[in-house]
Amino acid sequence: MELLNVLGGPLEECGTDPVTGFTRSGRCEVTPEDVGVHGVCAVMTADFLASQQELGNDLVTPRPEWRFAGLRPGDRWCVVAVRWLQSAQAGRAAPVVLASTSEAVLQVVPLDLLRRYAVDVPDDLSGLA
């Protein structure tokens, strides 16, 4: 079964440094076990990370027991659709890589909202920090 992105094409890799995804495959694939729908491929910004921390979702603190090193601005990460939506509604959404965002998030986040935050991510992320 081919995994699709929100644009209807093949789901592309989101990030491998750090390795992201609910299944830690580097892709925002949403499986039946992923009740949180970790399907939005977002490019972390300082504001988004702060907003998530304020919502009780600490994406900065390392959690080795979950194979999680903590995130920094510029990192790409598969975030929970509802959490991304909460930040968007507060005007603090992270940019989204549509080709790497699972079609499963469309059950939670409208495509037009994702498109508003769409970004092409360069291979060299040093300019985003």
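In this predicted model, serine 87 touches Phe48, Ser51, Gln52, Leu55, Arg92 and Ala93, leaving aside residues up to four places away in sequence. Serine 87 sits in helix α2 and is buried, with just 1% relative accessible area. One of its contacts, Arg92, turns up again in the salt bridges, which come next.

Three salt bridges are found in the structure. In one of them, the side chains of aspartate 47 and arginine 92 come together at 2.9 Å, N to O. Aspartate 47 belongs to helix α1 (residues 46-54) and arginine 92 to the loop between α2 (81-89) and α3 (111-116), so this pair ties together parts that are 45 residues apart in sequence. Arginine 92 also meets glutamate 54 in a salt bridge, here at 2.7 Å, N to O. Glutamate 54 is in helix α1 as well, and arginine 92 in the loop between α2 and α3, so this second pair ties together parts 38 residues apart in sequence. Put together, Asp47, Glu54 and Arg92 form a linked network of salt bridges. As for the acidic partners, aspartate 47 is partly exposed at 38% relative accessible area, whereas glutamate 54 counts as exposed at 59%.

The remaining bridge is a local affair within one helix: arginine 116 and aspartate 112 both lie in α3, four residues apart, or about one turn of the helix. Their side chains meet at 3.9 Å, N to O, which still counts as a salt bridge because the cut-off is 4 Å. Arginine 116 is exposed, with a relative accessible area of 61%, while aspartate 112, at 49%, counts as partly exposed.

Turning to the interior, nonpolar side chains tend to be buried together in soluble globular proteins. Here the largest nonpolar core has 25 residues, and those with the most contacts inside it are Val40, Met44, Leu59, Val79, Trp84 and Leu114. At least two residues of this core come from each of β1, α1, β2, α2 and α3, with α2 giving the largest share at four residues. Tryptophan 84 has a long list of neighbours beyond four places in sequence, among them Val40, Phe48, Val79, Ala93, Val109, Leu114 and Tyr117. Separate from all this is a second core of six residues, which includes Cys14, Cys28, Cys41 and Val43.

Glycine 21 offers another buried spot, with a relative accessible area of 2%. Its place is in the segment before β1 (40-43). Setting aside residues up to four places away in sequence, glycine 21 touches Arg27 and Cys78. The glycine 21 and cysteine 78 pair is 57 residues apart in sequence, yet the C-alpha atoms are 5.3 Å apart in space.

Finally, there is the largest pocket, which holds about 370 Å³ of space. Its lining is made up of 18 residues, of which His38, Asn57, Leu59, Trp66 and Trp77 are the closest to the pocket centre. Leu59 is thus shared between two lists, as it is also named among the core residues with the most contacts. Strand β2 (residues 76-79) gives the largest share of the lining, three residues. By type, the lining splits into eight nonpolar, six polar and four charged residues.

Conventions:
Residues numbered from 1 in each chain as written. Predicted model: local features only at pLDDT ≥ 70, side-chain atom pairs only at ≥ 80, totals over all residues. Heavy atoms only, no water. Buried < 20%, exposed > 50% of the residue type's maximum accessible area, 1.4 Å probe, protein only. 1 Å grid on protein atoms, 1.4 Å probe; cavity = no way out; pocket = protein on both sides within 12 Å on 5 of 7 lines; lining within 4 Å. Points joined across faces, edges and corners; volume = space filled by probe spheres on them. Nonpolar A, V, L, I, M, F, W, Y, C, P; charged D, E, K, R; others polar. Contact = heavy atoms within 4.5 Å. Core = buried A, V, L, I, M, F, W, Y, C linked by side-chain atoms within 4.5 Å.
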